[in-house]
Amino acid sequence: MEGVAAPNLSSNIQKPTLASAVEGAWNRAVASAEAAGISRQATAEKKASNALWAAPPSVELSHRNDRLQSNNGARETEVALAVPLWLPGQKSAKQQAADSLSSLSQLSETEGKLRVAEVVRELHWQIAELQANQSLSKQQTSTFAAIASDVDKRVQAGDLARADALAAKGELLSAQAAQSQAETQLEAAKRHWTSLTGLAQTPDATLASVESPSPRQLAEHPELLRAEQQVDLARKRVNLVAKSNRSAPELITKLRQDIPARGQGSAYSLGLAVRIPFGTDDRNAPLQAAALTELEVAQSKEQVLRAQLHARMENAKAAAEASQLQLQTEREKASLLNERARLIRASFNAGETSLPELLRAASAAAQAAYSAARQEAAFGLSRARLQQAYGQLP
(Lines give C-alpha, C1' and ligand atoms only; values in the text may rest on other atoms or scores of the structure.)
Protein backbone atom coordinates (compact mmCIF):
# COMPACT_ATOMS: atom_id res chain seq x y z
CA MET A 1 0.00 0.00 0.00
CA GLU A 2 1.57 3.28 -1.08
CA GLY A 3 1.18 6.68 0.49
CA VAL A 4 -0.66 5.54 3.63
CA ALA A 5 0.56 7.59 6.59
CA ALA A 6 -0.77 9.76 9.34
CA PRO A 7 -2.00 12.97 7.69
CA ASN A 8 -0.67 16.44 8.24
CA LEU A 9 -3.46 18.18 10.09
CA SER A 10 -2.09 21.67 9.49
CA SER A 11 -3.17 24.02 6.74
CA ASN A 12 -1.52 26.82 4.85
CA ILE A 13 -4.69 28.88 5.18
CA GLN A 14 -4.65 31.44 7.94
CA LYS A 15 -6.85 30.05 10.68
CA PRO A 16 -8.20 31.37 13.97
CA THR A 17 -6.49 30.53 17.22
CA LEU A 18 -7.96 28.39 19.94
CA ALA A 19 -8.01 31.45 22.19
CA SER A 20 -10.21 33.34 19.72
CA ALA A 21 -12.48 30.30 19.46
CA VAL A 22 -12.87 30.20 23.24
CA GLU A 23 -13.62 33.92 23.28
CA GLY A 24 -16.25 33.46 20.57
CA ALA A 25 -17.86 30.59 22.47
CA TRP A 26 -17.76 32.62 25.70
CA ASN A 27 -19.63 35.51 24.08
CA ARG A 28 -22.38 33.04 23.12
CA ALA A 29 -22.48 31.18 26.43
CA VAL A 30 -25.12 31.56 29.13
CA ALA A 31 -22.33 31.74 31.70
CA SER A 32 -21.21 35.01 30.10
CA ALA A 33 -24.57 36.61 30.88
CA GLU A 34 -24.42 35.22 34.43
CA ALA A 35 -20.97 36.73 35.00
CA ALA A 36 -22.14 40.06 33.59
CA GLY A 37 -25.13 39.94 35.93
CA ILE A 38 -22.90 39.37 38.97
CA SER A 39 -20.74 42.30 37.86
CA ARG A 40 -23.77 44.58 37.61
CA GLN A 41 -24.96 43.42 41.03
CA ALA A 42 -21.53 44.15 42.51
CA THR A 43 -21.54 47.65 41.02
CA ALA A 44 -25.00 48.33 42.45
CA GLU A 45 -24.00 46.98 45.89
CA LYS A 46 -20.89 49.16 45.88
CA LYS A 47 -22.92 52.25 45.02
CA ALA A 48 -25.44 51.47 47.75
CA SER A 49 -22.71 50.98 50.36
CA ASN A 50 -21.26 54.42 49.60
CA ALA A 51 -24.59 56.23 50.11
CA LEU A 52 -25.03 58.73 52.94
CA TRP A 53 -28.05 56.87 54.28
CA ALA A 54 -28.74 53.23 55.07
CA ALA A 55 -31.98 53.16 53.06
CA PRO A 56 -33.85 55.62 50.83
CA PRO A 57 -35.20 58.69 52.69
CA SER A 58 -38.94 59.22 52.92
CA VAL A 59 -41.24 62.24 53.13
CA GLU A 60 -44.40 62.41 55.26
CA LEU A 61 -47.15 65.01 54.72
CA SER A 62 -50.00 65.64 57.20
CA HIS A 63 -52.83 68.20 57.49
CA ARG A 64 -55.52 68.87 60.10
CA ASN A 65 -58.39 71.40 60.33
CA ASP A 66 -61.58 72.09 62.39
CA ARG A 67 -64.00 72.03 59.48
CA LEU A 68 -66.09 69.24 61.02
CA GLN A 69 -66.11 70.84 64.51
CA SER A 70 -66.20 74.62 65.15
CA ASN A 71 -65.10 75.57 61.63
CA ASN A 72 -63.15 78.59 62.87
CA GLY A 73 -60.52 78.13 60.19
CA ALA A 74 -57.93 76.53 62.45
CA ARG A 75 -55.56 74.22 60.62
CA GLU A 76 -52.19 72.52 60.94
CA THR A 77 -49.85 71.43 58.13
CA GLU A 78 -46.73 69.38 58.72
CA VAL A 79 -43.94 68.13 56.43
CA ALA A 80 -41.50 65.51 57.78
CA LEU A 81 -38.30 64.14 56.17
CA ALA A 82 -37.07 60.78 57.54
CA VAL A 83 -33.46 59.74 56.81
CA PRO A 84 -32.44 56.15 57.76
CA LEU A 85 -29.05 56.12 59.50
CA TRP A 86 -26.25 53.56 59.38
CA LEU A 87 -25.79 51.46 62.47
CA PRO A 88 -22.30 51.38 64.02
CA GLY A 89 -20.02 49.33 61.72
CA GLN A 90 -22.84 48.57 59.29
CA LYS A 91 -21.63 50.76 56.43
CA SER A 92 -18.10 49.38 56.60
CA ALA A 93 -19.43 45.80 56.66
CA LYS A 94 -21.62 46.49 53.63
CA GLN A 95 -18.68 48.01 51.74
CA GLN A 96 -16.55 44.96 52.49
CA ALA A 97 -19.30 42.66 51.24
CA ALA A 98 -19.63 44.75 48.06
CA ASP A 99 -15.86 44.58 47.46
CA SER A 100 -15.94 40.81 47.93
CA LEU A 101 -18.82 40.47 45.46
CA SER A 102 -16.88 42.57 42.93
CA SER A 103 -13.89 40.22 43.23
CA LEU A 104 -16.22 37.26 42.86
CA SER A 105 -17.62 38.68 39.61
CA GLN A 106 -14.13 38.86 38.10
CA LEU A 107 -13.22 35.33 39.19
CA SER A 108 -16.57 34.05 37.93
CA GLU A 109 -15.73 35.30 34.44
CA THR A 110 -12.36 33.53 34.44
CA GLU A 111 -13.85 30.32 35.82
CA GLY A 112 -16.71 30.51 33.30
CA LYS A 113 -14.29 30.90 30.40
CA LEU A 114 -12.37 27.88 31.64
CA ARG A 115 -15.54 25.75 31.55
CA VAL A 116 -16.30 27.00 28.04
CA ALA A 117 -12.71 26.25 27.02
CA GLU A 118 -13.20 22.62 28.05
CA VAL A 119 -16.08 22.20 25.59
CA VAL A 120 -14.16 23.97 22.82
CA ARG A 121 -11.05 21.85 23.38
CA GLU A 122 -12.99 18.59 23.30
CA LEU A 123 -14.74 19.51 20.04
CA HIS A 124 -11.52 20.87 18.54
CA TRP A 125 -9.70 17.57 18.89
CA GLN A 126 -12.78 15.58 17.88
CA ILE A 127 -12.73 17.51 14.61
CA ALA A 128 -8.98 16.85 14.31
CA GLU A 129 -9.62 13.11 14.54
CA LEU A 130 -12.43 13.30 11.99
CA GLN A 131 -10.22 15.31 9.63
CA ALA A 132 -7.55 12.62 9.93
CA ASN A 133 -10.10 9.89 9.23
CA GLN A 134 -11.42 11.77 6.23
CA SER A 135 -7.93 12.32 4.81
CA LEU A 136 -6.93 8.70 5.34
CA SER A 137 -10.16 7.40 3.84
CA LYS A 138 -9.37 9.38 0.69
CA GLN A 139 -5.92 7.81 0.57
CA GLN A 140 -7.39 4.37 1.13
CA THR A 141 -9.93 4.90 -1.67
CA SER A 142 -7.14 6.02 -3.99
CA THR A 143 -5.03 2.98 -3.10
CA PHE A 144 -7.81 0.47 -3.67
CA ALA A 145 -8.80 2.25 -6.88
CA ALA A 146 -5.26 1.80 -8.17
CA ILE A 147 -5.29 -1.88 -7.13
CA ALA A 148 -8.67 -2.45 -8.82
CA SER A 149 -7.39 -0.80 -12.01
CA ASP A 150 -4.28 -3.00 -12.06
CA VAL A 151 -6.37 -6.11 -11.43
CA ASP A 152 -8.75 -5.22 -14.29
CA LYS A 153 -5.82 -4.90 -16.66
CA ARG A 154 -4.40 -8.26 -15.60
CA VAL A 155 -7.81 -9.91 -15.87
CA GLN A 156 -8.13 -8.61 -19.43
CA ALA A 157 -4.64 -9.92 -20.12
CA GLY A 158 -5.62 -13.32 -18.76
CA ASP A 159 -3.21 -13.23 -15.81
CA LEU A 160 -5.96 -13.14 -13.13
CA ALA A 161 -9.43 -14.58 -12.79
CA ARG A 162 -12.65 -12.56 -12.91
CA ALA A 163 -13.19 -13.33 -9.21
CA ASP A 164 -10.07 -11.31 -8.37
CA ALA A 165 -11.51 -8.28 -10.16
CA LEU A 166 -14.72 -8.61 -8.16
CA ALA A 167 -12.79 -8.87 -4.89
CA ALA A 168 -10.75 -5.76 -5.68
CA LYS A 169 -13.92 -3.91 -6.69
CA GLY A 170 -15.55 -4.90 -3.38
CA GLU A 171 -12.67 -3.46 -1.38
CA LEU A 172 -12.88 -0.24 -3.40
CA LEU A 173 -16.60 0.10 -2.70
CA SER A 174 -16.00 -0.42 1.02
CA ALA A 175 -13.32 2.28 0.97
CA GLN A 176 -15.65 4.67 -0.84
CA ALA A 177 -18.41 4.04 1.70
CA ALA A 178 -15.98 4.69 4.56
CA GLN A 179 -14.88 7.93 2.89
CA SER A 180 -18.49 9.10 2.51
CA GLN A 181 -19.22 8.36 6.18
CA ALA A 182 -16.06 10.17 7.30
CA GLU A 183 -16.98 13.25 5.26
CA THR A 184 -20.52 13.28 6.69
CA GLN A 185 -19.27 13.05 10.28
CA LEU A 186 -16.70 15.79 9.67
CA GLU A 187 -19.27 18.18 8.20
CA ALA A 188 -21.62 17.59 11.15
CA ALA A 189 -18.81 18.33 13.62
CA LYS A 190 -17.89 21.51 11.74
CA ARG A 191 -21.48 22.73 11.89
CA HIS A 192 -21.43 22.12 15.64
CA TRP A 193 -18.18 24.08 15.86
CA THR A 194 -19.70 27.05 14.04
CA SER A 195 -22.78 27.06 16.27
CA LEU A 196 -20.56 26.88 19.36
CA THR A 197 -17.92 29.48 18.48
CA GLY A 198 -19.39 31.47 15.59
CA LEU A 199 -16.27 30.64 13.54
CA ALA A 200 -16.34 28.94 10.16
CA GLN A 201 -12.84 27.48 10.48
CA THR A 202 -11.07 25.52 13.17
CA PRO A 203 -7.58 26.29 14.53
CA ASP A 204 -4.60 24.15 13.61
CA ALA A 205 -4.72 20.79 15.33
CA THR A 206 -1.14 19.61 15.04
CA LEU A 207 0.66 18.48 18.16
CA ALA A 208 3.06 21.38 17.65
CA SER A 209 0.12 23.78 17.97
CA VAL A 210 -0.61 22.58 21.51
CA GLU A 211 1.26 24.52 24.15
CA SER A 212 3.10 22.34 26.63
CA PRO A 213 1.12 22.33 29.87
CA SER A 214 3.02 24.07 32.66
CA PRO A 215 2.35 22.65 36.12
CA ARG A 216 0.84 25.20 38.49
CA GLN A 217 -0.02 25.25 42.15
CA LEU A 218 -3.49 24.11 43.13
CA ALA A 219 -3.98 27.41 44.95
CA GLU A 220 -3.79 29.23 41.58
CA HIS A 221 -6.60 27.25 39.95
CA PRO A 222 -9.46 29.56 38.81
CA GLU A 223 -12.16 27.21 40.11
CA LEU A 224 -10.59 27.06 43.55
CA LEU A 225 -10.00 30.82 43.61
CA ARG A 226 -13.67 31.38 42.88
CA ALA A 227 -14.72 28.90 45.59
CA GLU A 228 -12.46 30.65 48.11
CA GLN A 229 -13.91 34.01 47.12
CA GLN A 230 -17.41 32.60 47.59
CA VAL A 231 -16.43 31.65 51.13
CA ASP A 232 -15.04 35.14 51.71
CA LEU A 233 -18.27 36.71 50.45
CA ALA A 234 -20.37 34.47 52.68
CA ARG A 235 -18.22 35.38 55.67
CA LYS A 236 -18.59 39.09 54.90
CA ARG A 237 -22.37 38.66 54.67
CA VAL A 238 -22.42 36.97 58.09
CA ASN A 239 -20.58 40.00 59.47
CA LEU A 240 -23.03 42.35 57.74
CA VAL A 241 -25.98 40.55 59.31
CA ALA A 242 -24.29 40.83 62.72
CA LYS A 243 -23.83 44.59 62.23
CA SER A 244 -27.44 44.95 61.03
CA ASN A 245 -29.11 43.55 64.14
CA ARG A 246 -32.04 45.95 63.82
CA SER A 247 -33.71 48.02 61.15
CA ALA A 248 -32.09 51.37 60.41
CA PRO A 249 -32.89 54.13 62.92
CA GLU A 250 -34.37 57.24 61.35
CA LEU A 251 -33.59 60.90 61.90
CA ILE A 252 -36.82 62.84 61.29
CA THR A 253 -36.91 66.56 60.57
CA LYS A 254 -40.35 68.23 60.81
CA LEU A 255 -41.60 71.61 59.63
CA ARG A 256 -45.02 72.60 61.00
CA GLN A 257 -47.40 75.46 60.16
CA ASP A 258 -50.17 76.38 62.70
CA ILE A 259 -53.08 78.77 61.93
CA PRO A 260 -55.28 79.23 65.09
CA ALA A 261 -58.31 80.77 63.28
CA ARG A 262 -59.35 82.86 60.34
CA GLY A 263 -57.65 86.21 60.17
CA GLN A 264 -54.86 85.22 62.57
CA GLY A 265 -51.23 84.88 61.54
CA SER A 266 -49.40 81.66 60.89
CA ALA A 267 -46.92 80.17 63.34
CA TYR A 268 -44.05 77.99 62.11
CA SER A 269 -42.06 75.50 64.13
CA LEU A 270 -39.18 73.15 63.40
CA GLY A 271 -38.81 69.82 65.16
CA LEU A 272 -36.41 66.86 65.28
CA ALA A 273 -37.21 63.27 66.17
CA VAL A 274 -35.41 59.92 66.19
CA ARG A 275 -37.12 56.58 65.55
CA ILE A 276 -35.15 53.58 66.88
CA PRO A 277 -36.52 50.13 65.97
CA PHE A 278 -35.94 47.19 68.31
CA GLY A 279 -33.83 44.23 67.24
CA THR A 280 -35.79 41.12 68.16
CA ASP A 281 -35.07 37.44 67.54
CA ASP A 282 -38.06 37.01 65.29
CA ARG A 283 -36.34 39.40 62.88
CA ASN A 284 -32.67 38.54 63.38
CA ALA A 285 -32.71 34.76 63.82
CA PRO A 286 -33.86 33.90 60.24
CA LEU A 287 -31.33 36.32 58.72
CA GLN A 288 -28.48 34.92 60.83
CA ALA A 289 -29.45 31.33 60.03
CA ALA A 290 -29.54 32.03 56.29
CA ALA A 291 -26.14 33.77 56.36
CA LEU A 292 -24.51 30.98 58.40
CA THR A 293 -25.97 28.34 56.11
CA GLU A 294 -24.54 30.12 53.07
CA LEU A 295 -21.11 30.20 54.74
CA GLU A 296 -21.17 26.53 55.73
CA VAL A 297 -22.25 25.43 52.24
CA ALA A 298 -19.52 27.55 50.61
CA GLN A 299 -16.87 26.10 52.94
CA SER A 300 -18.00 22.53 52.21
CA LYS A 301 -17.94 23.15 48.46
CA GLU A 302 -14.42 24.57 48.71
CA GLN A 303 -13.13 21.52 50.59
CA VAL A 304 -14.70 19.05 48.14
CA LEU A 305 -13.49 21.02 45.12
CA ARG A 306 -9.93 21.14 46.45
CA ALA A 307 -9.78 17.34 46.62
CA GLN A 308 -11.44 16.96 43.23
CA LEU A 309 -9.02 19.34 41.52
CA HIS A 310 -6.00 17.57 42.99
CA ALA A 311 -7.26 14.20 41.74
CA ARG A 312 -8.14 15.71 38.35
CA MET A 313 -4.61 17.05 37.91
CA GLU A 314 -2.99 13.73 38.78
CA ASN A 315 -5.33 11.74 36.52
CA ALA A 316 -4.83 14.09 33.58
CA LYS A 317 -1.04 13.94 33.98
CA ALA A 318 -1.07 10.12 34.03
CA ALA A 319 -3.41 9.96 31.03
CA ALA A 320 -1.17 12.29 28.99
CA GLU A 321 1.91 10.20 29.74
CA ALA A 322 0.13 6.96 28.79
CA SER A 323 -1.26 8.51 25.62
CA GLN A 324 2.22 9.61 24.53
CA LEU A 325 3.58 6.07 24.91
CA GLN A 326 0.65 4.64 22.97
CA LEU A 327 1.19 7.18 20.19
CA GLN A 328 4.80 6.08 19.76
CA THR A 329 3.65 2.47 19.52
CA GLU A 330 0.92 3.21 16.98
CA ARG A 331 3.29 5.24 14.82
CA GLU A 332 5.85 2.44 14.75
CA LYS A 333 3.16 -0.11 13.94
CA ALA A 334 1.77 2.04 11.13
CA SER A 335 5.24 2.52 9.66
CA LEU A 336 5.98 -1.21 9.70
CA LEU A 337 2.66 -2.24 8.16
CA ASN A 338 2.91 0.49 5.56
CA GLU A 339 6.35 -0.78 4.53
CA ARG A 340 5.03 -4.36 4.46
CA ALA A 341 2.10 -3.33 2.26
CA ARG A 342 4.51 -1.56 -0.11
CA LEU A 343 6.69 -4.66 -0.42
CA ILE A 344 3.70 -6.96 -0.97
CA ARG A 345 2.38 -4.55 -3.61
CA ALA A 346 5.70 -4.79 -5.45
CA SER A 347 5.61 -8.57 -5.11
CA PHE A 348 2.05 -8.67 -6.45
CA ASN A 349 3.05 -6.57 -9.44
CA ALA A 350 5.82 -9.08 -10.11
CA GLY A 351 3.31 -11.93 -9.97
CA GLU A 352 4.82 -13.44 -6.82
CA THR A 353 1.98 -12.70 -4.38
CA SER A 354 -1.74 -13.42 -4.57
CA LEU A 355 -4.41 -10.71 -4.60
CA PRO A 356 -6.05 -11.75 -1.28
CA GLU A 357 -2.72 -11.36 0.51
CA LEU A 358 -2.26 -7.92 -1.04
CA LEU A 359 -5.76 -6.84 -0.01
CA ARG A 360 -5.19 -8.06 3.54
CA ALA A 361 -1.88 -6.21 3.75
CA ALA A 362 -3.41 -3.02 2.35
CA SER A 363 -6.31 -3.20 4.81
CA ALA A 364 -3.99 -3.84 7.76
CA ALA A 365 -1.83 -0.86 6.79
CA ALA A 366 -4.89 1.34 6.43
CA GLN A 367 -6.23 0.33 9.85
CA ALA A 368 -2.84 0.98 11.41
CA ALA A 369 -2.74 4.43 9.82
CA TYR A 370 -6.24 5.11 11.15
CA SER A 371 -5.16 4.04 14.64
CA ALA A 372 -2.05 6.24 14.51
CA ALA A 373 -4.06 9.26 13.38
CA ARG A 374 -6.70 8.70 16.05
CA GLN A 375 -4.03 8.31 18.69
CA GLU A 376 -2.34 11.52 17.54
CA ALA A 377 -5.63 13.34 18.08
CA ALA A 378 -6.09 11.50 21.39
CA PHE A 379 -2.65 12.60 22.55
CA GLY A 380 -3.39 16.19 21.56
CA LEU A 381 -6.65 15.98 23.50
CA SER A 382 -4.88 14.52 26.54
CA ARG A 383 -2.46 17.44 26.58
CA ALA A 384 -5.37 19.85 26.22
CA ARG A 385 -7.13 18.09 29.09
CA LEU A 386 -3.99 18.44 31.18
CA GLN A 387 -4.01 22.17 30.52
CA GLN A 388 -7.68 22.18 31.47
CA ALA A 389 -6.95 20.29 34.70
CA TYR A 390 -4.25 22.84 35.55
CA GLY A 391 -6.80 25.61 34.96
CA GLN A 392 -4.96 27.13 31.98
CA LEU A 393 -6.85 29.00 29.29
CA PRO A 394 -5.60 28.80 25.67
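Here are some numbered notes on this predicted model, going from the whole protein down to single residues.

1. Start with the parts list. The protein has seven helices and four strands. Walk along the sequence and you meet them in the order α-α-β-β-α-α-α-β-β-α-α.

2. Now look at the overall outline. How does the radius of gyration of the protein stand against that of a compact globule of 394 residues? The globule would come out near 21 Å, while the protein has 38 Å. The box that holds the C-alpha atoms fits with a stretched picture: along the principal axes it is roughly 135 × 45 × 35 Å.

3. Next, inside and outside. Out of 394 residues, 38% count as buried. The accessible surface adds up to about 21600 Å², and carbon and sulfur atoms own 52% of that. As for charge, there are 45 positive and 42 negative side chains, with 6 Å between the centres of the two sets.

4. Contacts are worth a moment too. Take the contacts with a separation of 6 or more: 84% of them join residues that are 24 or more positions apart.

5. Let's go to the largest nonpolar core, which has 19 residues. Phe 144, Ile 147, Val 151, Phe 348, Leu 355 and Leu 358 have the most contacts inside it. Helix 3 (90-156), helix 4, helix 6 (281-349) and helix 7 (355-390) each bring at least two residues to this core. Which helix gives the most? That is helix 7, with six residues.

6. Phe 348 is a good residue to click on in that core. Skip its neighbours within four places in sequence, and Phe 348 is in contact with Val 151, Arg 154, Leu 160, Thr 353, Ser 354, Leu 355 and Leu 358. There is also a second, separate core, made of 17 residues, and Leu 18, Ala 31, Val 116 and Leu 196 are among them.

7. Pro 203 sits in the loop between helix 4 and helix 5. Is Pro 203 buried or exposed? Its relative accessible area is 5%, so Pro 203 is buried. Not counting residues up to four places away in sequence, Pro 203 touches Lys 15, Pro 16, Thr 17, Leu 18, His 124 and Trp 193. Leu 18 on that list also belongs to the second core. For a sense of distance, the C-alpha atoms of Pro 203 and Gly 265 are separated by 87 Å, with the two positions 62 residues apart along the chain.

8. His 221 is in that loop as well, the one between helix 4 (162-197) and helix 5 (222-243). His 221 has 0% relative accessibility, so it counts as buried. With neighbours within four places in sequence left aside, the residues in contact with His 221 are Leu 114, Leu 309, Met 313, Gln 388, Ala 389, Tyr 390 and Gly 391.

9. Two helix residues round things off. Gln 131 is in helix 3. Why does Gln 131 count as buried? Because its relative accessible area is 16%, and buried means under 20%. Beyond its neighbours within four places in sequence, Gln 131 is in contact with Leu 186, Lys 190 and Thr 202.

10. Ala 178, in helix 4, makes a handy contrast. Its relative accessible area is 30%, so Ala 178 is partly exposed. From Ala 178 to Ser 108 is 44 Å in space, C-alpha to C-alpha, and the two are 70 residues apart in sequence.

Terms used. Residues numbered from 1 in each chain as written. Predicted model: local features only at pLDDT ≥ 70, side-chain atom pairs only at ≥ 80, totals over all residues. Heavy atoms only, no water. Buried < 20%, exposed > 50% of the residue type's maximum accessible area, 1.4 Å probe, protein only. Contact = heavy atoms within 4.5 Å. Rg over C-alpha atoms; globule rule 2.2 N^0.38 Å. Areas by Shrake-Rupley, 256 points an atom, 1.4 Å probe, with all protein chains shown as cover. Lys, Arg positive; Asp, Glu negative; His and termini not counted. Charge placed at Lys NZ, Arg CZ, Asp CG, Glu CD. Core = buried A, V, L, I, M, F, W, Y, C linked by side-chain atoms within 4.5 Å.
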